[in-house]
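Visitor: I would like a close look at a single part of this structure, the sheet and what lies around it. Please take me through it step by step.

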Amino acid sequence: MSGCRRRGEPLFRRVPLIRLDRASEVIALQPRPKVLLVDIEGTLTGFGPTQLSILAAIQQFDRFMRDNGFKLNSVHYVSNYKMSDVGDEFDSYKGRLHSCAGKPFFAPPTDFLNLGVAAGVVGDQYLTDGLLAWRYGFSFLLVNSGIRKPLGPAVQFYAGRLISSMFFESPSRDQRRT
């Protein structure tokens, strides 16, 4: 399977868009996503994070997800940030931390591909995180984290919002926050 469209699906199918104030609100979704691809910059950290702030954010989110019943092998982190000279502290995230991902062109783990909307992309940008979700038929969990966006990401956000109705739809009643 190529990962893009399933046979017989229209070119411009729309996927669920669920708005969250914080990434941690994914635990309140019903039904809960089976797997998550979580953006780091602008979603879990500010823009221009350091490797240490990325590590701290991942550790904190992992603790929260584990404490709320998620298996950590179902939570992957996706970043366009290039991590150089990653130390031993990142070893436990091998296979779950995808740096230099090139969103929306990142290819998720193969076991995510057949899950459709039961998989979720948690992120703050329509044109990277959202199009990654759309490309694979996953739910897009848009986080309005309140993190101040630099000019480039702010313009990108508003441009994405303008065209978002082509790619995303409101969730069905059975997949909303409780």
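Guide: Among contacts in the protein chain with a separation of 6 or more, 70% join residues 24 or more positions apart. Keep in mind that this is a predicted model. The protein chain has 178 residues, and 49% of them are buried. Its elements are three helices and nine strands, which follow one another along the sequence as β-β-β-α-β-β-β-α-β-α-β-β.

Now the sheet. Seven strands make up an open sheet with parallel pairing, and their order across it is β5-β4-β3-β6-β7-β1-β8. The edges are held by β5, residues 97-98, and β8, residues 168-169; each has a single partner strand, so one side of each has no neighbour in the sheet. For β8 that partner is β1, residues 15-20, and two bridges link the pair in the parallel sense. In one of these details, proline 16 has glutamate 169 of β8 as its bridge partner.

Helix α2, residues 126-136, lies across several strands: β1, β3 (35-39), β6 (119-123), β7 (139-143) and β8. The helix runs at about 160° to β7.

Next, compare two phenylalanines. Phenylalanine 157 is part of helix α3, which covers residues 151-163. With a relative accessibility of 15%, phenylalanine 157 counts as buried, because the cut-off for buried is under 20%. Setting aside neighbours within four places in sequence, phenylalanine 157 touches Asp124, Gln125, Tyr126, Leu142 and Lys149. Leucine 127 is 30 residues away from phenylalanine 157 in sequence, yet their C-alpha atoms are 7.3 Å apart in space.

Phenylalanine 12 sits in the segment before β1. Its relative accessible area is 44%, so phenylalanine 12 is classed as partly exposed, a class that lies between the buried limit of 20% and the exposed limit of 50%. Phenylalanine 12 also belongs to a nonpolar surface patch of about 410 Å², together with Leu162, Ile163 and Met166.

Finally, the surface as a whole. The accessible surface of the protein chain is about 9200 Å², and carbon and sulfur atoms account for 53% of that area.

To go over the part again on the structure, start at β8 on the edge of the sheet, step to its partner β1, and then find helix α2 lying across both of these strands and across β3, β6 and β7.

Technical notes. Residues are numbered from 1 along each chain as its sequence is written. This is a predicted model: local features need pLDDT of at least 70, side-chain atom pairs count only at pLDDT 80 or more; totals for chains, interfaces and linings use all residues. Side-chain values use heavy atoms; hydrogens and water are left out. Two strands pair if DSSP finds at least two bridges between them. Helices (H or I, at least four residues) and strands (E, at least two) are DSSP runs, numbered from the N terminus. Contact means heavy atoms within 4.5 Å. Axes are lines fitted to C-alpha atoms, for helices over the stretch in contact, and angles run from 0 to 180 degrees between N-to-C directions. Patches are made of residues with over 30% relative accessible area and no salt bridge: like charges are joined within 9 Å, nonpolar side chains (Val, Leu, Ile, Met, Phe, Trp, Tyr) within 5 Å. Accessible areas come from the Shrake-Rupley method with a 1.4 Å probe; for residues, only the protein chains shown count as cover. A salt bridge is a side-chain nitrogen of Lys or Arg within 4 Å of a carboxyl oxygen of Asp or Glu. Buried means under 20% relative accessible area, exposed over 50%, partly exposed in between (1.4 Å probe, protein chains only).
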